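Q: I would like to go through a structure step by step. Could we start with the terms and then turn to the details?

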Amino acid sequence: MHFARSWRQQSSNLRLVGSRCTSCGAILFPERIRCSGCGSTELEDHRLSGRGTIFTVTTVFEAPRGFESQVPYFAALVELEEGPIICAMLTDVDREDVSVGKKVTMVTRRILAHGDDGPIIYAYKFTPELAG
Amino acid sequence: MGDRIEIVGIGRTCAKERWTRGLVDLTVEAAGAALDDGGDVSPSAVIVSNALGGALGDQQNLGTFTASSIGLGKVEAHSVSCDEASGGGALRLASALVGAGMHEAVLVVGAEKTSDALPDELETVRANGLDATREAGFGFGPAVASGLGMQRYGAEHGIDRSLFYHLASTAHLHGAKNPFAFLPWELSFDQYIRSPIVADPLTVCDLAPNCDGGAAVLIRKGSGKSSSSVHILGSASVSVPTGISEPITSLSLPAAAQCAMLALRDAGLSIEDLSLLDLHDSSSFIAALSIEAVGLAKRGEALLLARDGHFRFDGPAPLWTFGGLKARGNAPGADGLYQVVEATLQLRGDAGKGQIDGADRALVQCLGSFGATAVTHVLG
């Protein structure tokens, strides 16, 4: 992820801020300029709860450039409790604790590092909710 | 479709790692073969399809550079890029130029040069064919997306991973008869089941191999005088909202389904009228959904039909008769045009060892951005 792109999207990357369409009520993630449901420009920021469930998950052994050091990693579709489904890595979890339907919550983690001296990109990952 | 478009010339390069050929060389090699095949038909426009070249630091504005390199002089030239659907998109736009009467004949060329890039660089650039920010930017590429899809397909339909073998083995069975194929050998079950995992349960053998390649088609407005020539009987292109979650959650490809339906309607044909098909098989998951999208199989039954030989040469619906992306090789910007060249060879009766007896109608469909873009052509 390019550094400038990450900076531009810091509110969605770090706080899961999406959009709510005041015309049709759709909850959208990430933030939009125009509602992808009804086309309205009447949108307001809407911070998502960060809670969701694993819809499906895979263990990745061959990664694109920049993600090699994290292999093997868990890549999941997470269905947020507000509705949107997002792509995210799972973290702080063992394979035996990863399963479809598991409740997860958002945490902020390192996504990419641009070399030893370059900027570090932080954004969301998900981890199992603590019991109780 | 109004006046039908005639395919008067075809050309292709071997789909391999072509160390001595650059991107423009590949367009020139394929284009030259199509011009030679087209006899005295001279195009006044060139459309070149390419998916990755600019992002990989290779030649941009390929239409103009290709036209210049093959000595066409003063022509109209453009480049088209829509991920792995680029070739189909270029042919559809070229057909529109001819159909609108803007040009008598148009040369359509597709090419990709993947072997100059290191594998992780290539995977990164290919991932940007998905959502560059929300998918590629979070470590999700086409292989990861297909791994997620295979997980869900197996769970939803109660299908064991090993059944996906029958899609890859069908493609390889046919690719073994194609001297231009990248992997022209049959795939054993043992090879498939032992291949390294990329994104569980997806393995190397569930992915079409990246390769270099070029394919070209020379078209003009159909004269209708020759019953032996090949025409575009129908075509369509459909794009739907992007995102890998839709195919994975719904286990369907809405763009592919609607696009095939519209192209067949345009041609006035039904799927039962077809002698052969070529569908997008960039991964086993996409191949299964493509088969179900165009109506060759009911939901969840694509692998069962493949197991029963339904899509083999001698089956009721021959598929990937030159090996598809899986065995012929995946040169993303050229994929859609390889399909058209290979289908034309079948319809001409020039398909060699892989010839389908009496082939007279073919449907080819290419997809981009994990099925968000679909382009379909019906030939006959």
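A: Certainly. Two strands pair if DSSP finds at least two bridges between them. Please keep in mind that this is a predicted model.

Q: In which sense do β7 and β8 of chain A pair, and over how many bridges?
A: Strand β7 (residues 103-113) of chain A and strand β8 (residues 120-128) of chain A pair in the antiparallel sense, over 9 bridges. Within this pairing, A:Thr105 stands opposite A:Thr127 in β8(A).

Q: And how many residues lie between β7(A) and β8(A)?
A: There are 6 residues between them, and the two strands form a hairpin. In the turn, A:Gly115 has a positive phi of about 75 degrees.

Q: Let us change topic. Where does A:Gln9 lie?
A: A:Gln9 is in the loop between α1 (3-8) and α2 (10-15) of chain A.

Q: Why does A:Gln9 count as partly exposed?
A: A residue is buried if 20 or more other C-beta atoms lie within 10 Å of its own, and exposed if 12 or fewer do. A:Gln9 has 18 C-beta neighbours inside 10 Å, so it counts as partly exposed.

Q: What does A:Gln9 touch?
A: Not counting residues up to four places away in sequence, A:Gln9 touches A:Pro30 and B:Thr133.

Q: That brings in chain B. How many residues does each chain give to the contact?
A: Chain A gives 26 residues and chain B gives 29 residues. On the side of chain A that touches chain B, the elements giving two or more residues are β4 (51-60), β5 (73-80) and β6 (85-90) of chain A. The residues of that side divide into 17 nonpolar, 5 polar and 4 charged.

Q: Now to the helices of chain B. At what angle do the axes of α1 and α2 cross?
A: The axes of helix α1 (residues 23-37) of chain B and helix α2 (residues 62-69) of chain B cross at roughly 60 degrees and come within 9 Å. The two helices are therefore oblique to each other, and α1(B) passes α2(B) in a right-handed crossing.

Q: Which residues make that contact?
A: From α1(B) they are B:Val24, B:Thr27, B:Val28 and B:Ala31, and from α2(B) they are B:Leu62, B:Phe65, B:Thr66 and B:Ser69. The residues of this contact divide into 5 nonpolar, 3 polar and no charged.

Q: One last helix: why is α6 of chain B largely enclosed by the rest of the structure?
A: Helix α6 (residues 165-175) of chain B is largely enclosed because 11 of its 11 residues are buried. These buried residues, including B:Tyr165 and B:His166, pack against α7 (189-194), α10 (284-293), α11 (302-307) and α12 (324-328) of chain B.

Note on methods. Residues are numbered from 1 along each chain as its sequence is written. Chains are lettered from A and ligands numbered from 1 in the order in which they are written. This is a predicted model: local features need pLDDT of at least 70, side-chain atom pairs count only at pLDDT 80 or more; totals for chains, interfaces and linings use all residues. Two residues are in contact if their C-beta atoms, placed from the backbone, lie within 7 Å. Helices (H or I, at least four residues) and strands (E, at least two) are DSSP runs, numbered from the N terminus. Ala, Val, Leu, Ile, Met, Phe, Trp, Tyr, Cys and Pro count as nonpolar, Asp, Glu, Lys and Arg as charged, and the others, Gly among them, as polar. Axes are lines fitted to C-alpha atoms, for helices over the stretch in contact, and angles run from 0 to 180 degrees between N-to-C directions. Angles under 35 degrees count as roughly parallel, over 145 as roughly antiparallel, 65 to 115 as roughly perpendicular and the rest as oblique. A crossing is left-handed if the near helix is turned anticlockwise from the far one by less than a right angle, and right-handed if clockwise.
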